[in-house]
Amino acid sequence: MFETVLIANRGEIALRVLRACKELGVRTAVVYSAADADSAVVRLADQAVRIGPASSRRSYLNAAAIVEAARQVGAQAVHPGYGFLSEDADFAEICVDNGLTFIGPPPTVMAALADKSSARALMSRAGLPLSPGSVAPVPTAAAAAEVAEAVGYPVIVKAAAGGGGRGMTVVHTPGELRRAYTRTRAAAQAAFGDDRVYVERYLTEARHVEVQVLCDAHGNGVHLGTRDCSVQRRHQKLVEEAPAPALPAAVLDTIAETALRGALQVGFVGAGTLEFLVDAEEKFHFLEINCRIQVEHPVTEMVTGIDLVHEQLHIAAGVPLRWRQEEIRLHGVAVECRVNSEDPGRGFTPTPGRLARFTPPGGPFTRVDSHASAGYLIGPWYDSLLAKVIVWAPDRELALNRLERALDEFDIAGPGVHTTIPFVRRVLDDAAFRKGRYTTGLVDRLLAAPAHGPAATPAPRTAPAADPDATHRRTR
């Protein structure tokens, strides 16, 4: 195991990684910007190195400053968390060139998979089903139109180097395509420095189901079941749960086994997630692969009892995978919601400000991952995520009730600060969601309806099962 790991991130994921390192006896060093000088992770780390001003481009995206910080503290490895440089193959290669272990896939594998178009080609060769569309980037609007005509509208134009819900445009008619193509290329160039785009069929009533995998450097791999992440606004997730509900166990098993096969065939190493869209006929289509720990990883941890960041550290240190597939057991249901400082009533616009109150919920089987506290300043420079509330229960009904109870306890307030909690409550009250029969269209449907209109009619509640063991969901 490493002696010192540098954590190249901020916020709740930096704290999450720091705690995992400390539990394994690893010294921790963090980088921080001027805006985060008073952050909890800086206070708790063994060492902290200031790397720049608040601007992420001059701090958390400054590869040279991060590598220099690693040298200063004598780190052997760099954990990138999620976002920022976590899926930047160039950064991973710079780390390796400077004698640092990058906690993630090898740079060559990451380079191939970080490019969505390239990943589609690799997974197609590995036998994974793709949604209809182009495998290679489309060089012109006319070529994009040919693909769209072939697969049928609506289509989605995607940045090959995209991520975080950026660089995507849904196109419903041929008349919209040229402008959407041009706009998406420009957005991709601005956001990722790469204007290549591709086109695929847009599935309107699909489920977003993903599979967590762990693969070591010795050719071993396991999957840790499925998550459903269909509750999204602007392609960014709000509520996630594990395992994916209301799908036959045989379908979930096939998706999970297919995902693991694809990951192993492309030489993936580390903790990764393969994302799929599942259509109304329960056919699944590969969407993309994420080469990092994900925001929603706690729901998998809750149903498997496996600490994914621990496993990342072991794998990066060269330890053979500590689990065999037959040892992975799923217990119960876990649900996570993200608490963002955003105003759902104004299109989820971020609402920076200083928190006057911040009292997270407690109670049994309730986990809160957060870096915030009373007095914390929500700046305009970074992601608006304030906290994640994760609950576990032996069955889904109790898990949803438990999440509602936890959100009722959550006390967050500050001048001008709004959160997504009221909107998450609407999701939890939705009849289709309560039944587990919802799609990626849920958020748009709720936004189009009055807050207490028909689309948000509360579902009838049922009492939790009397015997929790009788409702344990154990698959694989």
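Colleague: What makes up the area that domain 2 and domain 3 bury between them in this predicted model?

Modeller: Domain 2 and domain 3 bury about 450 Å² between them, and 49% of it is on carbon and sulfur atoms. That value is the accessible area the two parts lose on being put together, summed over both, so it counts the loss on domain 2 and on domain 3. In this predicted model, 7 residues of domain 2 are in contact with 4 residues of domain 3. The C-alpha centres of the two domains lie 27 Å apart.

Colleague: Where do the domains begin and end?

Modeller: The domain assignment gives domain 1 as 4–103, domain 2 as 132–201 and domain 3 as 207–448.

Colleague: How do you know that T184 is buried?

Modeller: Its relative accessible area is 1%. Buried means under 20%, so T184 qualifies. The residue lies in helix α8, which spans residues 174–192. Beyond four places in sequence, T184 touches V157, A159, G167, M168, T169 and V197.

Colleague: Why is the set of residues around L274 called a nonpolar core?

Modeller: The name requires buried residues of types such as Leu and Phe, joined through side-chain atoms within 4.5 Å. The largest such core has 90 residues, of which L6, F91, L113, L274 and F276 touch the most other members. Domain 1 and domain 3 each supply at least three residues to this core. A second core of 37 residues is separate and includes V335, I421, V424 and L428.

Colleague: Which residues does L274 contact beyond four places in sequence?

Modeller: The contacts of L274 are M123, L128, V209, E210, V211, V213, A259, A263, F286, E288 and I289. Since a core admits nonpolar types such as Val and Ala but not Glu, E210 and E288 are contacts of L274 that cannot be core members.

Colleague: What makes β3 and β5 the edge strands?

Modeller: Each of them pairs on one side only. The open sheet has 5 strands in the order β3-β2-β1-β4-β5, with parallel pairing. Strand β3 covers 47–52 and strand β5 covers 101–102.

Colleague: How do you know that β1 and β4 are paired?

Modeller: Pairing needs at least two bridges, and 3 bridges join β1 (residues 4–7) to β4 (residues 77–79), so the two strands pair. They run parallel, and I7 stands opposite H79 in β4.

Colleague: Which helix packs on this sheet?

Modeller: Helix α3 (residues 63–73) does, touching β1, β2 (27–33), β3 and β4. The direction of helix α3 makes about 155° with that of β3.

Notes. Residues are numbered from 1 along each chain as its sequence is written. This is a predicted model: local features need pLDDT of at least 70, side-chain atom pairs count only at pLDDT 80 or more; totals for chains, interfaces and linings use all residues. Side-chain values use heavy atoms; hydrogens and water are left out. Buried means under 20% relative accessible area, exposed over 50%, partly exposed in between (1.4 Å probe, protein chains only). Domain bounds come from an automatic or database domain assignment. Contact means heavy atoms within 4.5 Å. Helices (H or I, at least four residues) and strands (E, at least two) are DSSP runs, numbered from the N terminus. Axes are lines fitted to C-alpha atoms, for helices over the stretch in contact, and angles run from 0 to 180 degrees between N-to-C directions. Buried area is the accessible area (1.4 Å probe) that two parts lose on being put together, summed over both.
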